[in-house]
Amino acid sequence: MYSGKYESGIILLSDSTLKMASKQGVDAIQAPSPSFDSPLISVEHVSLDFKKEKEQLPVLNDVSFTASKNQFVTMTGPSGCGKSTLLRIIGGLTKSTSGVVKFRDSPITSPRAEIAMIFQNFVLLPWRTSLENVLFGLSSRKDLNEDQKKQVSMKALEDTGLKGFENVYPGELSGGMKQRVGIARALALAPQVLLMDEPFSALDDLTAEHLRREIYSLLINPTSSIQTVIMVSHNVEEIVELSDKIVVLSPRPGHVVGDLTMDLPRPRSKKSEEFYNWVDKVYSLLAT
Ligand code: ADP
Ligand code: MG
């Protein structure tokens, strides 16, 4: 089902690469080193208060961190601490009360073509087919005509293993396949930054593991447009498996209580002591 083509600019893994990755862990393929200079995304002193009738609800308190080229950055923290809100601010969908988020030094004030978002619950339009859902995500692309939009969408669906499912409605797809449509919709935009809000938490373990590998391969594949990934997750093993950087937020109002650079070599074995030392480290920060 996987195309395994690399020429398109967007993904994906061939069957044999996937088999190799499943044997050896998420990153059996040679990963370029993350660079720590010139961040693609910088979150600078971001605070946000929601207005609730007459009261103010402080949600984020002076949050700063960066995401650089080739970095897989994970944000974690207790439920309700403002993770989704922060991701929406980075995506230009919500405005902060103070502070700024920059994409390559330019302040983000509204959604931008270089930044795409994948949601936990897929957010597909049930009355549109897979293809129409992906096309819908391209509706703001004035530079493409209808034929080009269709071509780009078909390619994104093919690259995410959905060839043959173009005309199927979300109700007929499994959770994993719905999330593939969500990923295809993001990839069709050829974004540099991929934002993901708990993208695997609604999926069964095996499907989640498979998609984790595919998303990581997007980041490290030099022909993919994706240059950095910022993921929200509360699954500590998933975080330790994937991250180059872990940002831990406190309970609401969220502020950064840990900004950890992960030096654990890849491939990362869940059976190693080092892996569980990291799991412990993240848990202890979550408990603060
Ligand atoms: P998390 O993703 O970390 O679980 P959220 O960012 O979804 O947390 O929410 C943080 C807090 O902000 C919660 O208390 C939530 O109820 C509140 N909140 C989120 N969105 C809004 C909104 N649009 N208006 C008012 N309060 C909101
Ligand atoms: Mg959330």
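This is a short tour of a predicted model, with stops at a ligand, two pairs of helices and a few backbone features.

**Stop 1: the ligand**

Begin by selecting ligand 1 and showing the residues around it. You should find Phe50, Leu57, Val59, the run Pro78, Ser79, Gly80, Cys81, Gly82, Lys83, Ser84 and Thr85, and finally Arg252. Colour this shell by residue character and you will see five nonpolar, five polar and two charged residues.

Now turn on distances. Pick Thr85: an N or O atom of the threonine 85 side chain sits 2.5 Å from an oxygen atom of ligand 1. Move to Ser84, where a side-chain N or O atom of serine 84 is 2.9 Å from an oxygen atom of the ligand. At Cys81, look at the backbone instead: one of the N or O atoms there is 3.2 Å from an oxygen atom of ligand 1.

If you like surfaces, show one here. On its own, ligand 1 has 570 Å² of accessible area, and the protein covers 62% of it. Which elements give two or more residues to the shell around ligand 1? Select strand 2 (55-67) and helix 2 (83-90) to see them. Helix 2 supplies the largest share, with three residues.

**Stop 2: helix 5 and helix 6**

Next, select residues 175-187, which form helix 5, together with residues 205-220, which form helix 6. Their axes come within 11 Å and cross at roughly 15°. An angle under 35 degrees counts as roughly parallel, so that is how helix 5 and helix 6 run relative to each other. The crossing of helix 5 past helix 6 is right-handed.

**Stop 3: helix 3 and helix 4**

For another pair, select helix 3 (residues 130-137) and helix 4 (residues 146-159). Here the axes come within 9 Å, and the crossing angle is roughly 120°. Helix 3 and helix 4 are therefore oblique to each other. Helix 3 also passes helix 4 in a right-handed crossing.

**Stop 4: backbone details**

Go back to Arg252, one of the residues surrounding ligand 1, and follow the chain into the next residue. Is the peptide bond from arginine 252 to proline 253 cis or trans? The bond is cis, with omega near 0°. Proline 253 belongs to the loop between strand 9 (245-249) and strand 10 (256-261).

Then select arginine 266 and proline 267, which are also joined by a cis peptide bond, this one with omega about -5°. You will find proline 267 in the loop between strand 10 and helix 8 (273-286).

For the last selection, pick arginine 104. What is phi of arginine 104 near? The value is near 45°, which is positive in a residue other than glycine. Zoom out a little and you will see arginine 104 in the loop that lies between strand 4 (98-103) and strand 5 (106-107).

Conventions:
Residues are numbered from 1 along each chain as its sequence is written. Chains are lettered from A and ligands numbered from 1 in the order in which they are written. This is a predicted model: local features need pLDDT of at least 70, side-chain atom pairs count only at pLDDT 80 or more; totals for chains, interfaces and linings use all residues. Side-chain values use heavy atoms; hydrogens and water are left out. A residue is near a molecule or strand if one of its heavy atoms lies within 4 Å of it. A polar contact is a pair of N or O atoms within 3.5 Å; within protein, one must be able to donate a hydrogen and the other to accept it, and residues adjacent in sequence count only if both atoms are side-chain atoms. Accessible areas come from the Shrake-Rupley method with a 1.4 Å probe; for residues, only the protein chains shown count as cover. Helices (H or I, at least four residues) and strands (E, at least two) are DSSP runs, numbered from the N terminus. Ala, Val, Leu, Ile, Met, Phe, Trp, Tyr, Cys and Pro count as nonpolar, Asp, Glu, Lys and Arg as charged, and the others, Gly among them, as polar. Axes are lines fitted to C-alpha atoms, for helices over the stretch in contact, and angles run from 0 to 180 degrees between N-to-C directions. Angles under 35 degrees count as roughly parallel, over 145 as roughly antiparallel, 65 to 115 as roughly perpendicular and the rest as oblique. A crossing is left-handed if the near helix is turned anticlockwise from the far one by less than a right angle, and right-handed if clockwise.
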